[in-house]
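Thank you all for coming; I would like to take a few minutes to walk through charged pairs and an enclosed space in one protein model. Please have a look at the display first, and then we will go through it step by step.

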Amino acid sequence: MTTEQLKQLPKIELHCHLDGSLSMEFLQKKLGRNVSCQEVQVSRECGSLAEYLEKFALPCQCLKDAEGLQEAGYDFLKTASRENVIYTEVRFAPLLSVGAGLNTKQIISSLLKGLAEGKQDFGVEYNVIVCAMRHHSTEDNLDMFKAAREFLGEGVCAADLAGAEASYPMSNFLELFEKVKQMEMPFTIHAGECGNAWNIVQAAEAGAKRIGHGIAMAGKPQIRQICRERRIGIEMCPISNLQTKAAENMGDYPLREFLDAGLLVSVNTDNRTVSKTSLVQELELIQEKCGICDEELWLLERNALETAFADDSVKHRLLKELT
């Protein structure tokens with residue numbers, strides 16, 4: 001497909017973080033000053049996920065009050081609408097917005113209000129995935145999930161675990177996600193982004209319906225088999241994965257391997273602003289470097305729809321746009 005055809009392609013995005021995807025226009029308005037690209041975008045010299053995560057400090061400053069959260073939700077869908085995203089699941093860590101007297105419920109409510117306004121103006125369907133952060137305590141993460149659980153089906157669709165995977169392996173969070181499962185809250189897990197394939201196995205065993213990134217299962221057919229048999233979605237983010245050195249280059253990138261193995265792969269941006277990317281750019285890249293043909297582009301979107309946390313009525317409506 002040409003760039004224009006890719007732009008017109010109806011797209012579903014399942015792995016995109018709010019704080020890493022705020023527009024420069026929003027950041028400058030909220031901070032009241034010019035913001036340079038170097039402050040919020042990674043350079044070609046980025047050497048690791050830990051270095052990549054340093055770019056989130058400034059955007060998080062803009063999500064500390066109800067007004068900022070509401071405007072951020074609106075800004076996020078405005079950006080998504082520009083390349084025909086028809087459904088998105090925006091990731092968001094409520095505990096990073098605690099401050100200025102807001103509790104978790106007020107934080108989530110503020111974001112949902114802005115997203116609702118954005119849907120009305122731009123027509124993009126959405127849900128929110130609430131992220132526990134690896135460096136936060138189990139108690140704090142569990143309290144956040146309990147508060148978010150009250151919004152399940154009312155804008156919130158699932159839970160997640162994000163942050164510095166190499167420093168905080170999945171084994172530290174098995175108890176937490178056992179409790180999330182008991183709450184009947186579906187979840188996805190960032191796993192295998194930093195080279196440890198065992199994190200993917202443990203996330204699957206814990207009950208994750210999707211895996212964020214999953215790069216570390218490249219060349220590991222037994223782990224791929226687990227994900228295939230359980231129909232676990234694999235949320236791949238090519239440009240981000242190159243920047244964090246999850247993959248050294250596109251020659252090593254396992255998207256083709258995963259697709260050929262029958263995995264439910266989707267393609268996502270991860271962080272539009274931090275990675276200076278878009279879904280169109282991601283799809284252009286995999287066309288050129290992974291040999292993805294037009295029919296496979298449609299397959300990636302159908303995979304995303306199948307593994308989305310949207311309810312059946314939304315999926316049925318979206319399916320009409322993908323057939």
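Glu235 counts as buried, because its relative accessible area is 0%, and a residue counts as buried when that value is under 20%. I should say straight away that this is a predicted model, so please keep that in mind for every value I mention.

What does Glu235 meet there with its side chain? The partner is Arg210, and the two side chains form a salt bridge with 2.5 Å from N to O. Arg210 is buried as well, with a relative accessible area of 0%. Arg210 sits in strand β6, residues 210-213, while Glu235 sits in strand β7, residues 233-236, so the pair ties together parts that are 25 residues apart in sequence. For those of you who are new to this, side chains of opposite charge can pair when their charged atoms come close.

This pair also belongs to a network of salt bridges, in which Arg210 and Glu235 are linked with Glu89, Arg91 and Asp160.

In total, the structure holds 21 salt bridges, and I have picked out two others to set beside the one we have just discussed. In one of them, Arg272 pairs with Glu83, and the closest N and O atoms are 2.6 Å apart. Arg272 lies in the loop between β8 (264-267) and α14 (279-290), and Glu83 lies in the loop between α6 (66-81) and β2 (85-92), so this salt bridge ties together parts that are 189 residues apart in sequence. Arg272 is buried at 7% relative accessibility, and Glu83 is buried too, at 6%.

The other example is the salt bridge between Lys179 and Glu175, where the closest N and O atoms are 3.4 Å apart. These two residues are four residues apart in helix α9, residues 174-182, which means that about one helical turn separates them. Here Lys179 is partly exposed, with 30% relative accessibility, whereas Glu175 is exposed, with a relative accessible area of 53%.

Let me finish with the enclosed space, where we meet Arg91 from the network again. The structure holds one cavity of 30 Å³ or more, and the volume of the largest cavity is about 50 Å³. Which residues line the largest cavity? Arg91 is one of them, and the others are Leu18, Asp19, Cys60, Leu63, Phe92, Ala93, Leu96 and Ser97. Sorted by class, this lining has six nonpolar residues, one polar residue and two charged residues.

Conventions: Residues are numbered from 1 along each chain as its sequence is written. This is a predicted model: local features need pLDDT of at least 70, side-chain atom pairs count only at pLDDT 80 or more; totals for chains, interfaces and linings use all residues. Side-chain values use heavy atoms; hydrogens and water are left out. On a 1 Å grid over the protein atoms alone, a cavity is a set of points where a 1.4 Å probe fits but cannot get out, and a pocket is an open set with protein on both sides within 12 Å along at least five of seven lines; lining residues have an atom within 4 Å of a point. Grid points are joined across faces, edges and corners, and a volume is the space filled by probe spheres set on the points. Ala, Val, Leu, Ile, Met, Phe, Trp, Tyr, Cys and Pro count as nonpolar, Asp, Glu, Lys and Arg as charged, and the others, Gly among them, as polar. A salt bridge is a side-chain nitrogen of Lys or Arg within 4 Å of a carboxyl oxygen of Asp or Glu. Buried means under 20% relative accessible area, exposed over 50%, partly exposed in between (1.4 Å probe, protein chains only).
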